[in-house]
Amino acid sequence: VLQPAHALSVQLPPGESTAAGIELRAQLSELGALGDSAGASASGKAGRRCSGKGVRGCSCAVLSLMLFPIGMCIVIVHILTHVGTQRFLDMDDSESRAYTDWNLTIETLMFNTWWPGCGLVMNMSEFEAGCSEPCYSADLMLEMQTFNRANPGMVVNFSSREVEGIPTAKLAAWWLPPPPHARDRRWWGWLPALWNAPPPVVVLQHGFMRNSNYYTQQMAAFMLRRMGFGVLVNNFRDHGYSDDSGTGTYQWGDAYPFDLLGAWDYAVSDPDGKLAGARRPAHVGLMGFSKGAFMAINAFGLEPRVPGVWADAPPFTPQVVFKHGAEEMMSVVGLRPIAPLVLDNVWDNIVDRAAERGISLNRHLPQSTLPLGNNTRRPIHINANEDDDVVPIREMESLLVFLQGLEEKYNTTSWRTSGTCHGRSHCVDHLTHHDEYDKRLCGFWSHVFGVGAEDRCSRK
C-alpha cells in the first residue's frame with residue numbers, strides 16, 4: 001500500500017520505503033514545481049497576448065490555460081500508474097522475504113526481526129534498555145523469549161488448495177504447537193473420547209509485503225499459543241519460505257485466498273503427521289492482519305466449514321486502500337485536490353496491468369465471497385484503529401455495514417481502538433492494548449472452538 005511520504009522514515013521497517021515510494025514523491029514534487037512554473041508562465045503570456053492581440057489573442061491564451069490542466073492530469077495519471085504498479089503489484093523480495101534465514105528457530109527469530117521503537121533487535125538487552133517503552137514492555141518480550149525457548153516449532157510444507165483457473169503453489173508455514181500441558185487439557189463440550197484429541201488451531205495470515213517472520217505475526221502467535229491453541233503461520237506464495245510462483249506480482253484477491261485455504265486444509269488433515277494429528281474442521285479457525293485479514297474474510301466466505309475468523313485492520317476493497325495511500329502521497333506536494341480526478345483512472349490502469357499478467361485483483365472480494373456462506377451465524381470479529389494511516393477506519397465501517405445485511409449468516413463483533421506505537425498505527429493493537437486484546441482474543445476463540453475459557457483466559 002502506498003505510504004504517506006512523511007511517514008516513510010518513521011513508520012516503516014528497513015526496506016519497506018522502497019525506491020517506488022521515494023520515486024513517487026520525487027516525481028510529483030518535480031511535477032508540482034513544473035505546474036507552478038508553467039501556470040505562472042501561461043498567466044503571463046495570457047496577459048501579454050490579451051494586451052497585444054485583442055480578442056483572438058485572449059482566446060488562444062484561455063484555451064492554453066484550459067488545456068494545460070488536462071495535460072497535467074494525464075501526466076500525473078501516467079506517473080501514478082507507473083509508481084503504483086511498482087508498489088502495488090511488483091514483488092520485492094527484500095520485503096516479502098525479509099528475515100527468513102533458514103537457520104532461524106522460533107526462539108532466535110524474535111532477535112532477527114524488526115520491532116517498533118527498537119529496529120532490528122539482536123538480543124534481549126536491547127529491549128531491557130527500554131527501546132520498546134511505553135508501547136510494550138521488556139517483561140512481555142522476556143516472557144515471549146522464555147515461552148518460545150520451551151516450546152519450539154518447525155517449518156512445514158504443503159500446497160495451496162487446488163481450484164480451477166488458479167495455479168497451485170508450494171507453500172511453507174511455521175507450525176507452532178501449544179505447550180504440552182495444554183494439549184492434555186480437557187476441552188469443555190468435547191466427548192470424553194476426544195479428551196486427548198489435538199488442540200484447536202488458528203491459521204494466522206500475514207499482510208501486504210510481509211511474511212510469517214514479521215513481529216506482527218510472531219506476537220499474535222505467542223499470544224494464541226499461551227492460551228493453549230496451536231498456530232500455523234502461513235506464507236503466501238512468493239513470500240517468506242514459500243516457493244516462487246513466477247508471476248512476480250502481488251495477487252490480492254486472485255490466488256491468495258486459496259493459499260490460506262491450503263494452509264487450513266493442511267491443519268485439518270495433518271497428512272504428514274507433524275501437527276499432532278488430524279482434527280475436526282470446526283477446530284481450525286482463521287486470523288489475519290491487514291491484507292491477511294482481507295484474505296481471511298474471503299476464505300471464510302468461500303469455505304463454510306471454517307468455524308470463525310478474527311480480522312485485524314482488514315481492507316474492504318484493495319481499491320480504497322490504494323487510493324487512500326495515493327491521496328496521502330499526493331497531499332505532500334499539494335496535489336491532493338485533484339486526486340478525485342485521476343485516481344479512478346490510475347486504479348483502472350493497475351487492474352489492467354495485473355490482468356496482462358494473468359492476475360485478477362478483484363476476483364475475490366468480501367462483497368462476493370461472504371454472501372456464499374451458510375445461514376449458521378458463524379462468528380466473525382473485526383477490529384481497527386481510528387488512527388490507522390494505512391487502512392483507514394472507514395474500511396471496517398464499510399465491512400460492518402455490509403455484514404448487517406448478512407445477519408442470518410454471521411454473528412459479527414467489532415472493536416474500535418486508537419493510539420500509536422512508536423509512530424505506527426497499523427496492526428499494532430496487540431502491542432498498544434496488549435492485555436485487552438489478549439482477553440478479547442482468548443474469549444473469541446474459546447467460544448468459537450467450544451472450549452473452557454476460565455483457565456486459559458485468566459492471566460496473572
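**Exercise 1. The chain as a whole**

What percentage of the 460 residues in the chain is made up of buried residues? State also how many helices and strands the chain has, and what share of its contacts links residues 24 or more positions apart.

*Solution.* The structure is a predicted model, and the values below are computed from it. Begin with burial: buried residues account for 57% of the 460 residues. Next, count the secondary structure, which comprises 15 helices and ten strands. Then turn to the contacts with a separation of 6 or more, of which 73% are between residues 24 or more positions apart. Finally, consider the surface, where the chain exposes about 18,100 Å², with 54% of that area supplied by carbon and sulfur atoms.

**Exercise 2. Two helices that cross**

Describe how helix α7 and helix α15 are arranged relative to each other, and list the residues that make the contact.

*Solution.* Two packed helices are described by the angle between their axes and the distance between the axes. For α7 (residues 215–226) and α15 (residues 434–449), the axes come within 10 Å and cross at roughly 55°. Angles under 35 degrees count as roughly parallel and those from 65 to 115 as roughly perpendicular, and α7 and α15 are therefore oblique to each other. The crossing in which α7 passes α15 is right-handed. On the α7 side the contact is made by Met219, Met223, Leu224 and Arg226, while α15 contributes His434, Tyr437, Asp438, Leu441 and Trp445. Sorted by character, the residues of this contact of α7 with α15 comprise six nonpolar, one polar and two charged.

**Exercise 3. A strand residue and its partners**

Is phenylalanine 289 buried or exposed, and which residues does phenylalanine 289 touch?

*Solution.* First place the residue: phenylalanine 289 belongs to strand β7. Its relative accessibility is 1%, so phenylalanine 289 counts as buried, the cut-off for that class being under 20%. If residues up to four places away in sequence are not counted, phenylalanine 289 touches Leu204, Gln205, His206, Gly207, Thr216, Gln217, Ala220, Asp312, Cys427, His430 and Tyr437. One of these, Tyr437, also takes part in the contact of α15 with α7. The C-alpha atoms of phenylalanine 289 and proline 314 are separated by 6.7 Å, although the two residues lie 25 residues apart along the chain.

**Exercise 4. A helix residue with distant partners in sequence**

Where is threonine 81 placed, and which residues is threonine 81 in contact with, leaving aside its neighbours within four places in sequence?

*Solution.* Threonine 81 lies in helix α1 (residues 19–88), and because its relative accessibility is 3%, threonine 81 counts as buried. Outside that sequence neighbourhood, its contacts are with Val346, Asn349, Ile350 and Arg353. A further link across the sequence is given by leucine 343, 262 residues away along the chain, whose C-alpha atom is separated from that of threonine 81 by 9.1 Å.

**Exercise 5. Backbone features in loops**

Determine the backbone features of proline 134, alanine 276 and alanine 313.

*Solution.* Start with the peptide bond between glutamate 133 and proline 134, which is cis, with omega about 0°; proline 134 sits in the loop between α4 (124–128) and α5 (138–150). Alanine 276 has a positive phi, near 70°, and occupies the loop between α8 (256–269) and β7 (284–289). Alanine 313 likewise has a positive phi, near 55°, and is found in the loop between β8 (309–312) and α10 (318–332). As to accessibility, alanine 276 counts as exposed because its value is 51%, whereas alanine 313, at 3%, counts as buried.

Key
Residues are numbered from 1 along each chain as its sequence is written. This is a predicted model: local features need pLDDT of at least 70, side-chain atom pairs count only at pLDDT 80 or more; totals for chains, interfaces and linings use all residues. Side-chain values use heavy atoms; hydrogens and water are left out. Axes are lines fitted to C-alpha atoms, for helices over the stretch in contact, and angles run from 0 to 180 degrees between N-to-C directions. Helices (H or I, at least four residues) and strands (E, at least two) are DSSP runs, numbered from the N terminus. Angles under 35 degrees count as roughly parallel, over 145 as roughly antiparallel, 65 to 115 as roughly perpendicular and the rest as oblique. A crossing is left-handed if the near helix is turned anticlockwise from the far one by less than a right angle, and right-handed if clockwise. Contact means heavy atoms within 4.5 Å. Ala, Val, Leu, Ile, Met, Phe, Trp, Tyr, Cys and Pro count as nonpolar, Asp, Glu, Lys and Arg as charged, and the others, Gly among them, as polar. Buried means under 20% relative accessible area, exposed over 50%, partly exposed in between (1.4 Å probe, protein chains only). Accessible areas come from the Shrake-Rupley method with a 1.4 Å probe; for residues, only the protein chains shown count as cover.
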